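Please look over the sequence and the model shown here before reading the notes on one of its sheets, a helix and its cysteines.

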Amino acid sequence: MDSRTVSREVELDKPREACGVFGIWGHPDAVRLTYYGLYALQHRGQESAGIATTQGQGINIHKGMGLVSEVFDEAALKDQEGTAALGHVRYSTTGSSVVVNAQPLVIRYRKGALALAHNGNLVNARQIRDKLEKEGSIFQTTLDTEVLAHLIARYGQGDLEEALSGSLKVLKGGYAFGILTEKVLIGIRDPHGIRPLSLGKLGNSWVLASETCAFDTVGAETARDVNPGEMVVIDDNGVRSIQAVKPGRRVFCIFEYIYFARPDSNLDGLNVHAVRKEMGRQLAREAPADADLVTGVPDSSLSAASGFAEEAGIPYEIGLVKNRYVGRTFIQPDQKLRALGVRLKLNALEKVVRGKRVVLVDDSIVRGTTSRHIVQLLREAGAQEVHVRISSPPYRYSCYYGIDTSASAELIAAQKGITDIERLVGADSLAYLSTEGLVRAIGRGKADYCLACFNGDYAIDVSADAGKFALETSRLRS
Ligand code: SF4
């Protein structure tokens, strides 16, 4: 085990984000702006980062394992001259965490070079790949993204837009693609609008990003979300919109609001912080608690905790402090010191919680291990009672649309009832937000959202082959 062993313990037992995509066309500082855009999207993926650039002739690529700050230095940015760029940060939802799987993926096909960056997961990637391999295609990576590259090559007799339209009709899953060629930047969103993708404007340049917080960072204005099934084609003449695939039942990932997105992002016109705060308010109405203070697990639960406190009329306090400098890679403590994993990341503020009845708001419980540690931290710091309130419903089903969740067997709510979980995490009481309350907090119709990880209602059929390592397994079998 080397000193860069990734620790799962310190990640606070949350689902891991999919990926982040950022692209810009027609700007002299395209490379640096993409670098800053990726910084803003770093929370969506910390395993690898990459930027592809063009000046109109060929495509350059620089990518590597690690955070944006680890992959790029001044020299790397200087090498990457270009007036258009496409960047990507990755957490592996399909394929191993190895550099060959870092994105953007650059391919050459009969019309020239092309860079591809993908957020999401293609549920039928394995079937398409098996078919293509039987017909002679040779794959370089275990990314589902490479399937699209091969389809483009196959449908590439006409122009790129035709090749893409043909390819997209075959793909199933949740996806947002960024594609860069010497002539054009393209953004595509899946027909159900599961994964987010927005369009922004910076002066005369157009920008694409997984979340609008990246627009704020680079000084761009949000224009709109890319629509389900839409392909936006950006070149020197501006933006064109093509309905590449017929839109299906719209099911935006509700977990973007609960946990994944940054609170300063707007998704579908709604601010994430405001939605989370409303979830907290709704939770306080559904599951009140007699307590002296409300605190949240930093950072993603703070908005919901403040909403809970306001609605309940109980003071909101900072009861837990997060160490922001513990990244994903650190020397994992051995078994004896395993409990340090959470302590490295979080500490309880004794001055605040000693002798108090505490409401602890968290956005979700996945396996329950971290919740148990946090409750214990608060008790050791002197909390008299700890009432755990979760601002989403029990998390029972795996995600196949671009989020890395544990298998159902590891999801505590899939295995145990609320009373058992309450006992396991050591809380005085435990309550979850109802599905109806969650949807009410967002203020739009239930039918507009994917709620599959709560109710198992998958809008797109998922085969047993749709998991994270499906393509590796397929390769091993063949
Ligand atoms: Fe999002 Fe859950 Fe649906 Fe996956 S299953 S897209 S995490 S709501």
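The notes below take up a sheet, then a helix, then the cysteines.

This is a predicted model, in which local features need pLDDT of at least 70 and side-chain atom pairs count only at pLDDT 80 or more, while totals for chains, interfaces and linings use all residues. Residues are numbered from 1 along each chain as its sequence is written, and side-chain values use heavy atoms, with hydrogens and water left out.

**Sheet**
- Four strands (E runs in DSSP of at least two residues, numbered from the N terminus) form an open sheet in the order S17-S20-S21-S22 with parallel pairing, where pairing requires at least two DSSP bridges between two strands.
- Strand S17 (293-296) and strand S22 (429-432) are the edge strands, each pairing on one side only.
- Strand S21 (residues 385-390) pairs with S22 in the parallel sense over four bridges, and His387 stands opposite Ser429 in S22.

**Helix H13**
- Helix H13 (residues 369-380) packs on the sheet and touches strand S20 (357-362) and S21, contact meaning heavy atoms within 4.5 Å, and helices being DSSP runs of H or I with at least four residues.
- Among the buried residues of H13 are His373, Ile374 and Leu377, buried meaning under 20% relative accessible area with a 1.4 Å probe, protein chains only.
- Just after H13, Gly382 takes a positive phi of about 105 degrees.

**Cysteines**
- The model has zero disulfides, counted as pairs of cysteine sulfur atoms within 2.5 Å.
- Cys213 is buried, with a relative accessible area of 0%, and Cys450 is buried, with a relative accessible area of 11%.

Key:
Axes are lines fitted to C-alpha atoms, for helices over the stretch in contact, and angles run from 0 to 180 degrees between N-to-C directions. Buried means under 20% relative accessible area, exposed over 50%, partly exposed in between (1.4 Å probe, protein chains only).
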